[in-house]
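Dear colleague,

Please find the structure for your review directly below. My notes on it follow.

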Amino acid sequence: MGDFKSGFVSIIGRTNVGKSTLINSLVKEKVAITTAKPQTTRTAIRAILNDDNYQIIITDTPGIHKPKSKLGEVMVDTAFTMLSEVDAILFVVEATSEDIGKGDQLILDRIKEVKKPTILVINKIDLVKKESLLNLISKFNEQYDFSAVVPISAEKKEGIEKVLDELLKIMPVGPVYYDPEEYTDQTARQIVEEVIREKALKFLDDEVPHGIYIEVESYKERKTSKGEDIVDIDVTIYCQRESHKGIIIGKGGNLLKKIATYSRQDIEKILGTKVNLKVWVKVKEDWQDKDSVVNKFKMKKQ
Ligand SMILES: Nc1nc2c(ncn2[C@@H]2O[C@H](COP(=O)(O)OP(=O)(O)OP(=O)(O)O)[C@@H](O)[C@H]2O)c(=O)[nH]1
Ligand SMILES: [Mg+2]
């Protein structure tokens, strides 16, 4: 048996390439929410991979995109800042890309600056023929000396072990940083907020879901009359416009009910306890450009 290895890893990539799907596949738990819509992840989310021989702390980050608000700026800043704080980088790109686009080039340039060991992860290989990958791989290889290039399908869980193997080659000998029983540093409140946002993103269209944020107002554990554990959770969905509020609530409150029901089912599974969930909708105009709100999304220092 060798020495215990541990270290920090950051995932970076354009929005919607499958970064959050990858972190969930690596840790085999639902740590980060995933949706078909861009800009799903808003903050740095940490997952902890525990084994007798190693502990790897992996951070999922918001997708790189052209910011249109203060929130967007904070999100992109979070992703880039993480790069200078880690032992290794997982740079996720899409197999369907034919060339290195602007977004990927921007990321490559940052990686060249920080000069960290980087694994190029080519995701969504289920959507392309193998031959078409070679061209893309050689284009990326011309630009950086990657520690490894690993084609995967994060969704179909293909190639995930290979990513882990390559990461372990890079990880230094180190201590146990986190309680090995934990697989994320998110609080129950944060998990609840994210699950509700995931359902809202799934069931809402256009600009409405991107204009919301969720706040847990109260979270209280108690016993039912039968002596079972239950948590009472009160949540507010904030949206940007009065008209959005109506859309979120839906006819006769139907859509809000649907969001709440699906959220509760997921939250009960994740927390392993019964949940009594109450969801309210409020308007906070243009919160995406208000420092008082946006600061909530800024990175916590380790
Ligand atoms: N076909 C296919 N789709 C995938 C794969 N991995 C992820 N996806 C899909 O890609 C979409 C985006 O996935 P996410 O994991 O949310 O992407 P992300 O990079 O975290 O996105 P942001 O947080 O918005 O930056 C979802 O619809 C996933 O189901 C894959 O291997 N194959
Ligand atoms: Mg994400």
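Which residues are exposed on the other side of H8, away from its buried residues? Please keep in mind throughout that this is a predicted model.

The exposed residues on that side of H8 are Asn254, Lys257 and Lys269. The buried residues of the helix are Leu255, Leu256, Ile259, Ala260, Ser263, Asp266 and Ile267. These buried residues lie on the same side of H8, because they cover an arc of only 140° around the axis. The elements that cover them include helix H6 (188–203) and strand S8 (229–239), and also helix H7 (242–249) and strand S9 (274–283).

As to its dimensions, H8 runs over residues 254–271 and has 18 residues. From its first C-alpha to its last, the helix reaches 25 Å, close to the 26 Å expected at 1.5 Å a residue. Just after H8 comes Gly272, which takes a positive phi of about 65°.

I would also draw your attention to the metal site. Two residues, Ser20 through OG and Thr41 through OG1, coordinate the magnesium ion (ligand 2) at 2.0 to 2.1 Å. This pair links distant parts of the chain, with the two positions 21 residues apart in numbering: Ser20 belongs to helix H1 (residues 19–27), while Thr41 sits in the loop between H1 and strand S2 (45–50).

Are these two coordinating residues buried or exposed? Ser20 has a relative accessible area of 8% and therefore counts as buried, the cut-off being under 20%. Thr41, with a relative accessible area of 6%, is likewise buried.

Yours sincerely

Conventions
Residues numbered from 1 in each chain as written. Chains lettered and ligands numbered in written order. Predicted model: local features only at pLDDT ≥ 70, side-chain atom pairs only at ≥ 80, totals over all residues. Heavy atoms only, no water. Donors = N, O, S within 2.8 Å, 3.2 Å for Na, K, Ca; no water. Helix = DSSP H or I, 4+ residues; strand = E, 2+ residues; numbered from the N terminus. Buried < 20%, exposed > 50% of the residue type's maximum accessible area, 1.4 Å probe, protein only. Expected span 1.5 Å × (residues − 1). Arc of directions from axis to C-beta. Contact = heavy atoms within 4.5 Å.
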